[in-house]
Amino acid sequence: MDTTKTPAPNAAEADTTPVALEKTETPQDAEAEAEAEAQAKTEADLDAAADADLDDDAFAEDLADEEQPSHVGFAAFAIVSAGLSVVALSGSWVAGIVSERASIAARLELSQAADANAQIAAQFVDPWHTTAMVNGVFSALALIIATFVLALPAFSTPERTLPTWVRSVSWAGIGLGALGVLLFVLMYFDLLLAIPKAAA
């Protein structure tokens with residue numbers, strides 16, 4: 001009798017695969033690591049975007065500063081126009097010197113037999129007219145400069161606008177300059193004050 005035992009045909013074969021000693025990662029650890037990497041990447045992208053925005057803002061500010069024109073020249077011309085108009089209305093040493101010169105020149109041209117009206121014209125009328133002419137020149141210059149200051153931005157870039165106080169000073173120069181020109185016309189042509197006449 002054969003006593004040798006044969007293995008059962010349905011018996012499971014012995015597992016000869018060596019067991020890995022290292023511990024394999026669980027799905028939860030892989031997901032946590034992927035989430036951490038995604039969060040780090042998102043933070044890096046946000047930092048880069050913030051830096052880019054700051055760079056763009058700085059560039060825009062620099063560009064705006066470069067494109068913004070300086071109003072120093074306009075302000076200086078506006079103040080000069082207002083000053084000239086005030087000088088024209090109040091008088092200046094230039095007008096006084098020119099008036100005295102005209103008076104002396106008119107006296108030198110008088111003859112000994114000149115009548116009273118001629119003497120009045122030499123001593124008073126000619127200096128008056130000379131003073132009015134000098135003040136009229138100052139007023140006209142003030143009017144021209146103030147008009148130039150107000151009109152020049154309209155012929156340059158449309159975005160260029162003058163500060164409010166510069167425009168106010170320019171309008172003041174225009175008003176005072178126009179008044180000075182009007183007084184010049186009235187005084188030079190003896191429309192404001194009549195020339196005194198000597199009795200016959």
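1. In this predicted model, the axes of helices H4 and H5 come within 7 Å and cross at roughly 150°. An angle over 145 degrees counts as roughly antiparallel, and H4 and H5 are therefore roughly antiparallel to each other. The crossing in which H4 passes H5 is left-handed. Sorted by class, the residues in the contact of H4 with H5 are 16 nonpolar, eight polar and one charged.

2. For a reader new to the structure, the overall layout may help at this point. The protein has five helices and zero strands, and its elements, taken from the N terminus on, run α-α-α-α-α. Of the 200 residues in the protein, 20% are buried. Among contacts between residues at least 6 apart in sequence, 81% join residues that are at least 24 apart.

3. The pairing of H2 with H5 can be described in a similar way. Helix H2 covers residues 72-90 and helix H5 covers residues 164-188, and their axes come within 8 Å, crossing at roughly 30°. That angle makes H2 roughly parallel to H5, since angles under 35 degrees are counted in this way. H2 passes H5 in a left-handed crossing.

4. Which residues of H2 meet H5? On the H2 side they are Phe74, Ala75, Ala78, Ile79, Ser81, Ala82, Ser85, Val86 and Leu89, while the residues they meet in H5 include Trp165, Val166, Val169, Ser170 and Gly173, and also Leu176, Gly177, Leu179, Gly180 and Leu183. By class, this contact of H2 with H5 has 13 nonpolar and six polar residues, and no charged residues.

5. Gly173, which has its place in helix H5, is worth following in the model. Is Gly173 buried or exposed? Its relative accessible area is 0%, so Gly173 is buried. When residues up to four places away in sequence are not counted, Gly173 touches Ser81, Ala82 and Ser85, together with Ala142 and Ala146. Ser81, Ala82 and Ser85 are among the H2 residues that meet H5, and residues 116-155 form helix H4. The C-alpha atoms of Gly173 and Gly83 are separated by 7.7 Å, although these two residues are 90 residues apart along the chain.

6. Ser170 is also found in helix H5, and it is buried, with a relative accessible area of 0%. The side chain of Ser170 reaches the backbone oxygen of Val166 at a distance of 2.9 Å. Leaving aside neighbours within four places in sequence, Ser170 is in contact with Ala78, Ala146, Val149 and Leu150. Of these partners, Ala78 is listed among the H2 residues that meet H5, and Ala146 is also touched by Gly173.

7. Ala75 gives a view from the other side of the H2 and H5 pairing, as its place is in helix H2. Ala75 is buried, with a relative accessible area of 9%. Apart from neighbours within four places in sequence, Ala75 is in contact with Trp165 and Val166, and both of these partners are among the H5 residues that meet H2. The C-alpha atoms of Ala75 and Val149, which lie 74 residues apart along the chain, are separated by 8.4 Å. Val149 is also one of the residues in contact with Ser170.

8. Thr130 is found in helix H4, which spans residues 116-155. With a relative accessible area of 12%, Thr130 is buried, the cut-off for that term being under 20%. What does the side chain of Thr130 reach? It extends to the backbone oxygen of Asp126, at 2.8 Å. If residues up to four places away in sequence are not counted, Thr130 touches Val98, Ser99 and Ala102.

9. The last point concerns the backbone at Asp190, whose place is in the segment after H5. Phi of Asp190 is near 55°, which is a positive value in a residue other than glycine. Most residues other than glycine have a negative phi, and a reader may therefore wish to look at this place in the model. Asp190 is partly exposed, with a relative accessible area of 23%.

Methods. Residues are numbered from 1 along each chain as its sequence is written. This is a predicted model: local features need pLDDT of at least 70, side-chain atom pairs count only at pLDDT 80 or more; totals for chains, interfaces and linings use all residues. Side-chain values use heavy atoms; hydrogens and water are left out. Axes are lines fitted to C-alpha atoms, for helices over the stretch in contact, and angles run from 0 to 180 degrees between N-to-C directions. Helices (H or I, at least four residues) and strands (E, at least two) are DSSP runs, numbered from the N terminus. Angles under 35 degrees count as roughly parallel, over 145 as roughly antiparallel, 65 to 115 as roughly perpendicular and the rest as oblique. A crossing is left-handed if the near helix is turned anticlockwise from the far one by less than a right angle, and right-handed if clockwise. Contact means heavy atoms within 4.5 Å. Ala, Val, Leu, Ile, Met, Phe, Trp, Tyr, Cys and Pro count as nonpolar, Asp, Glu, Lys and Arg as charged, and the others, Gly among them, as polar. Buried means under 20% relative accessible area, exposed over 50%, partly exposed in between (1.4 Å probe, protein chains only). A polar contact is a pair of N or O atoms within 3.5 Å; within protein, one must be able to donate a hydrogen and the other to accept it, and residues adjacent in sequence count only if both atoms are side-chain atoms.
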